[in-house]
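Some words used for protein structures only make sense once their cut-offs are stated. The questions and answers here take such words one at a time.

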Amino acid sequence: MPTLYSLWIVGRNGGLLYSRDFVQLPPIEFNDKLRLASSWFGMCGISAQLSPVPDSSGIQLMQADTFDLHSFHTLTGTTFMLLTEPHTPDAAELLRTTVYELYCDYVLKNPFHEMDQVIKSELFDQNLVERCQAINRRWGVGA
């Protein structure tokens, strides 16, 4: 059954700005999350430079046996990383539409938020969790 596991948002300098799990996962310490996020950010940057296609945004999907890592890179350099169960339908589209729209509405339009600051918007967090949990329930996860 498809499942959304977690979302991480990485700033344009590789710092972890936001992380949220949507299902119970084995705990990862915050320093390990920082290290993983910055490593992924670096690999995406290197892959964009190595790509034979001009203006490549880098890695968009990494598939493993137990998870898929979908990545969406914005024009401002912010990277959205969504961990899902393998072969989860429309996960890339979910990042580009639902998650990015919520980010724009509740984070970027907040006059007190500055780029590359940790995201502390309760409205963003609440709406994101509600939407992702609704998607997981629709798929029969955590019902």
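What follows sets values for this chain against the definitions behind them.

Q: What kind of model is this, and how are its residues numbered?
A: This is a predicted model, in which local features need pLDDT of at least 70 and side-chain atom pairs count only at pLDDT 80 or more, while totals for chains, interfaces and linings use all residues. Residues are numbered from 1 along each chain as its sequence is written, and side-chain values use heavy atoms, with hydrogens and water left out.

Q: What makes up the order of helices and strands in the protein chain?
A: Helices are DSSP runs of H or I with at least four residues, and strands are runs of E with at least two, both numbered from the N terminus. By that definition the protein chain has three helices and five strands, and from the N terminus on they run β-β-α-β-β-β-α-α.

Q: How do you know whether the radius of gyration of the protein chain agrees with that of a compact globule?
A: The radius of gyration is taken over C-alpha atoms, and the globule rule is 2.2 Å times the number of residues to the power 0.38. For 143 residues a compact globule would have a value near 15 Å, and because the protein chain has 15 Å, the two agree. Along its principal axes the C-alpha trace spans about 45 × 40 × 30 Å.

Q: Why is leucine 82 called buried or exposed?
A: Buried means under 20% relative accessible area, exposed means over 50%, and partly exposed lies in between (1.4 Å probe, protein chains only). Leucine 82, which lies in strand β5, has 1% relative accessibility and therefore counts as buried. In the protein chain as a whole, buried residues make up 39% of the 143 residues.

Q: Which residues is leucine 82 in contact with, leaving aside its neighbours within four places in sequence?
A: Contact means heavy atoms within 4.5 Å, and the partners of leucine 82 include Leu4, Leu7, Phe22, Leu69 and Leu95. The C-alpha atoms of leucine 82 and arginine 20 are separated by 9.8 Å, although these residues are 62 apart along the chain.

Q: What makes a set of residues a nonpolar core?
A: A nonpolar core is a set of buried Ala, Val, Leu, Ile, Met, Phe, Trp, Tyr and Cys residues joined through side-chain atoms within 4.5 Å. The largest one here has 22 residues, and Leu7, Ile9, Phe22, Leu82, Ile119, Phe124 and Leu128 touch the most other members. Two or more residues come from each of β1 (4-10), β2 (16-21), β5 (79-84), α2 (91-108) and α3 (122-138), and α2 gives the most, with seven residues. A second, separate core of eight residues includes Val10, Leu16, Trp40 and Leu69.

Q: What is unusual about the phi of histidine 87 and of aspartate 116?
A: Most residues other than glycine have a negative phi. Histidine 87, in the loop between β5 and α2, has a positive phi of about 65° although it is not a glycine. Aspartate 116, in the loop between α2 and α3, also has a positive phi of about 65°.

Q: Why are histidine 87 and aspartate 116 placed in their accessibility classes?
A: Histidine 87 has a relative accessible area of 65% and is therefore exposed, whereas aspartate 116, at 25%, counts as partly exposed.
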